[in-house]
Structure formats: C-alpha cells, structure tokens
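Visitor: I am new to this structure. Please take a close look at one pocket, and then place it in the wider picture.

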Amino acid sequence: MSGHPRTWFVVLPDTEAGAATAAVRGTAECRALHHPSGRPWILGHWPGDEPVTVQAGPVALAVFGTSDADPHRLRRHAERVRDPRDVLALGGDLAGSFHLLATVYGTVAARGSLSGLRRLHLAEVDGVPVLSDRADVLAAAAGLSPSRDRLALRLADPLPHPVDALPLWPGVTAVPPNHAAVLAPGRPARTLAHWHPPAPRRTPPDAATVLGQALHRAVDTRTRDGGLIAADLSGGLDSTPLCFLAATGPAELLTVTIGSVDPHHEDAAWAQRAARHLPGRRLVLPAEDIPAMFADIDTPGPQGDEPFAWTRTRARDEAVARLLATHGARLRISGEGGDEVLQALPAYLRTVLPRHPATAARHLRGHRARLRWTLSDALSALTDPRPYPAWLARAADRLTHPDPPRTTQLLGWGLAPRLPPWATAKPPNWCATSCGPPRAPNRWRRSTPSTRRCAWSGTARRPCGS
C-alpha cells in the first residue's frame with residue numbers, strides 16, 4: 001500500500017567480488033543473511049518474521065513469502081541437498097507464494113513463483129551478477145536509466161508476450177517464472193528450467209481432484225496460524241469456494257461482500273445463499289460507501305518497479321484493506337486469478353479443429369451461441385494462417401486503430417493491444433527537457449538528519465535495521 005515501507009532483497013554470489021560489492025554499497029545497516037563461508041548472501045529490507053532459514057553444513061536455504069515451510073522440514077531437505085538442482089525440486093513440495101533461495105557448496109540457486117507474482121531479476125552491479133525481487137533496486141544500484149520506449153509500452157492494454165516481461169531498465173533481465181537463476185563462482189549467471197507444463201493425460205475428474213487438493217493446501221497455508229482471516233465472498237465461482245476452504249481451518253472467518261451499483265446483479269443473491277452455510281462474521285459493503293472506480297487516480301500509488309496495473313480499483317482496494325485492518329484481519333483472501341486458471345480462451349479450437357473436427361464444430365456452436373458470432377467471422381478467424389510474429393508485428397502497427405472484431409481476437413493469438421486515444425507517436429517537447437534520468441547513488445548518502453538514501457533501492461528512508 002502507498003506509504004508503507006517497501007520490502008526488497010538482493011542476492012549476492014559467494015565470491016570476494018560479491019562481498020566487496022556489499023561493502024562498497026554500504027548495506028551494513030540492512031538486514032543480512034550470510035553464506036556458510038561467512039560472505040554476504042542476502043541483503044535487504046523485510047519484515048522481522050521473514051524468511052524461514054536453515055543451514056546444514058555448506059548448504060543454506062531461505063524461503064521468503066507465504067509458504068508451509070517450517071525450519072525442521074526445511075533442514076531435513078537441506079541435509080539431503082548435494083546440487084543446486086536438488087533445490088529446484090524442493091520448491092514443488094511447498095505450498096504458497098514464495099521465493100526459494102539456496103546457497104549450495106558456494107553456488108547460489110534462486111527461484112520465484114510460477115504465477116510470476118514473486119519475481120526475480122538479474123543485473124550486473126560493479127561487474128558482479130546480482131539477483132533481486134525488484135527491478136528498480138537493481139537499476140538504482142547499477143546506475144541504469146529507464147527506457148522511455150518500455151515505459152510507453154506500459155500504456156498498451158493488454159501488453160502481449162514477450163514485451164510484458166521486459167523490465168523498464170535495459171540492463172536488467174527478468175528471470176522467467178518457470179526458471180531458476182544460478183550464480184556460480186567463476187561462471188556467468190545462467191537460468192535453468194525447473195518446471196514444464198505436464199502432458200494432458202489426466203481425466204477431468206482426476207484433474208479436478210488434484211486441483212481441489214492444491215487449493216485446499218494453499219488456503220490452509222494462509223489460515224493455519226489462526227487469528228482473523230478476511231475472505232472475499234462475491235458470490236462468483238472464484239472467491240466462494242475459497243471461503244468454504246478457509247472455513248475448514250483454525251482461523252476465524254470474516255467474509256466480505258462488496259455491493260454492486262446494478263440492482264439486478266445476481267452475484268449478490270448467490271453470496272447471500274453461500275453466507276448461510278459459512279461460519280464467522282459477514283461484512284457487506286454497499287457500493288456507495290466505498291470509493292468509485294478510478295477514484296484518486298491523480299494521487300501517488302504504491303511504490304513498485306513498474307506502473308501499477310490496477311489503477312481503476314486501487315482506491316477501493318486500499319479503503320477495503322484499511323477497513324478490514326480495523327476489524328483485526330491479518331490477511332485477505334481473494335479469488336483473483338480464478339478465471340485465468342480455469343477458463344480457456346476459445347482459441348484452443350485452432351488446435352482441436354484439425355485433430356477432432358467434430359468436437360471443434362460442437363464447441364464452436366456453443367461459443368457462437370453464447371457470444372453471438374457469425375459463422376463467417378468465426379471460420380475466418382479460425383483459419384487465419386498468420387504465425388505469432390506476424391500477428392505481433394501487425395498489432396504494433398495498429399496500436400491506435402479501432403479494436404478488431406472480438407471474434408477475431410478470441411479465436412486468434414489473443415486480444416490486440418491498444419494505446420489510449422490521446423497517445424502520440426512522439427513525446428511532447430516538455431518531456432524531453434524536464435524528465436531527466438534519475439540519479440542512482442552509489443553509497444549511503446545523508447538526505448535528512450533522520451533518514452539515509454539506500455544505495456540498493458535508491459530511496460530515502462530510515463536505516464533498514466531501525
């Protein structure tokens with residue numbers, strides 16, 4: 001949230017150069033974890049109850065974030081680790097959203113979450129390969145300036161692959177979510193794939209069982225410490241099951257329903273029906289009692305390493321979070337992402353059509369009835385032979401054009417990115433003269449009597465250890 005001290009960490013190789021970089025950057029007042037050799041390993045600013053850490057001889061493990069890892073279990077794993085690849089397999093045994101960091105016989109291995117929420121970035125700082133969960137931290141330390149082209153790209157909606165993974169600073173590289181970064185002494189930094197999509201061999205009932213078990217374990221990871229947990233109860237199929245899963249844990253449940261300005265919105269009725277079968281308290285927030293969409297968009301938002309994507313609901317989310325905090329909730333569970341995980345775009349028909357034409361015809365008939373497509377538009381979109389690079393190049397040339405037919409987009413490579421109507425091909429003159437690159441300090445620099453400027457993150461704040 002805006003105004004809260006932001007968290008970050010950097011990961012250094014187990015080398016003299018890495019130790020020298022840590023010393024020159026003046027991070028002694030930040031929190032620190034060390035390699036078994038005694039050299040600096042992880043430096044940064046994080047809550048006192050993070051991370052879960054263990055050491056077993058020349059192997060050390062650290063888990064940042066929310067997980068079901070505990071020191072005893074983690075130590076048993078550390079005692080069996082002989083190679084960095086062993087650590088990559090360990091991440092699949094833990095539930096939650098977390099970073100897994102390891103130092104194994106002098107080699108660093110680190111991975112984020114498959115969802116991409118817990119990210120990793122790589123850059124060279126003073127000639128040393130350094131990892132961080134924040135691109136802006138690395139950019140400030142390396143003295144890098146943001147790219148105007150990449151910043152302008154963030155205006156496009158939706159941002160297509162592969163430009164959606166480009167950090168704003170050239171020189172900072174994003175580690176793909178299904179890869180781990182490896183820092184070995186005397187070798188360039190590299191990445192290794194630790195996950196591949198499984199073969200589609202499960203039957204739908206088997207897959208549903210596995211999904212249910214994964215969801216139950218994920219929710220249990222959040223509720224197992226008790227206390228008061230808030231959970232969105234919209235009445236939809238994404239958040240409602242999570243409320244019932246949360247009700248099975250030891251935490252007290254507070255369900256939250258946000259009203260709609262549409263009196264005929266049917267989710268409210270389903271939320272009311274579900275609430276009758278849930279324990280705990282329920283909080284219903286009328287739409288007129290919380291900020292409207294796009295409220296306060298002219299005020300600074302959360303500090304991140306790129307523009308905040310949910311500007312339209314930011315004020316609403318912050319208001320609800322403050323209200324839940326006054327009720328004593330330590331955590332809020334939301335159904336965000338459920339649609340993305342469980343609903344496939346109709347473009348899957350492009351693969352099904354040549355292999356199972358009868359199945360494709362039946363499914364297409366259903367999509368046409370639901371979305372009111374004409375048969376000619378649907379067949380034209382399905383038989384479009386353009387490969388992805390050609391589609392992307394055409395999209396780049398038509399960023400300010402009217403949207404193409406929805407049929408073409410949903411049955412093609414994806415939704416075509418579009419810029420706001422006020423966007424221009426060339427920035428105005430004032431931007432070139434008044435927007436200079438940010439100055440990235442290379443040491444702690446006194447800014448006020450009570451604050452210092454952090455050489456890694458480039459922001460003024462009290463020392464991390466205060």
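**The second largest pocket and its surroundings**

Guide: Sorted by class, the residues lining the second largest pocket are 8 nonpolar, 4 polar and 6 charged. The model is a predicted one, and every value here is computed from it. The volume of this pocket is about 320 Å³. Its lining consists of 18 residues, and those closest to the centre are Arg386, Trp391, Arg394, Pro404 and Thr408. Two elements, helix 14 (388–397) and helix 15 (406–410), each give two or more residues to the lining. Helix 14 provides the largest share, with 3 residues.

The chain around this pocket can be described in a few totals. It has 466 residues, of which 39% are buried. Its secondary structure comes to 16 helices and 19 strands. Among contacts with a separation of 6 or more, 61% are between residues 24 or more positions apart.

Elsewhere in the chain there is an open sheet of 6 strands. Its order is 4-5-6-7-11-12, and the pairing is antiparallel. Strand 4 (52–56) and strand 12 (190–193) form the edges; each has a single partner strand, so one side of each has no neighbour in the sheet. From one strand to the next, the twist averages 20°. At one end of the order, strand 11 (residues 179–183) pairs with strand 12 in the antiparallel sense over 4 bridges. Ala181 has Thr191 in strand 12 as its bridge partner. Strand 4, at the other edge, has a helix across it: helix 2 (residues 71–80) lies over both strand 4 and strand 5 (59–67), and runs at about 35° to strand 4.

A single residue, Arg39, can be followed in the same way. Arg39 sits in the loop between strand 2 (31–34) and strand 3 (40–45). Its relative accessibility is 24%, and it therefore counts as partly exposed, since the class lies between the buried limit of 20% and the exposed limit of 50%. Apart from neighbours within four places in sequence, Arg39 is in contact with Asp14, Thr15, Glu16, Ala19 and His34. One of these, Ala19, is 20 residues from Arg39 along the chain, and the C-alpha atoms of the two are separated by 5.9 Å.

To return to the pocket: helix 14 and helix 15 are the elements to look for in its lining, and Arg386, Trp391, Arg394, Pro404 and Thr408 mark the residues closest to its centre.

Terms used:
Residues numbered from 1 in each chain as written. Predicted model: local features only at pLDDT ≥ 70, side-chain atom pairs only at ≥ 80, totals over all residues. Heavy atoms only, no water. Pairing = 2+ DSSP bridges. Axes fitted to C-alpha atoms, helices over the stretch in contact; angles between N-to-C directions. Contact = heavy atoms within 4.5 Å. 1 Å grid on protein atoms, 1.4 Å probe; cavity = no way out; pocket = protein on both sides within 12 Å on 5 of 7 lines; lining within 4 Å. Points joined across faces, edges and corners; volume = space filled by probe spheres on them. Nonpolar A, V, L, I, M, F, W, Y, C, P; charged D, E, K, R; others polar. Buried < 20%, exposed > 50% of the residue type's maximum accessible area, 1.4 Å probe, protein only.
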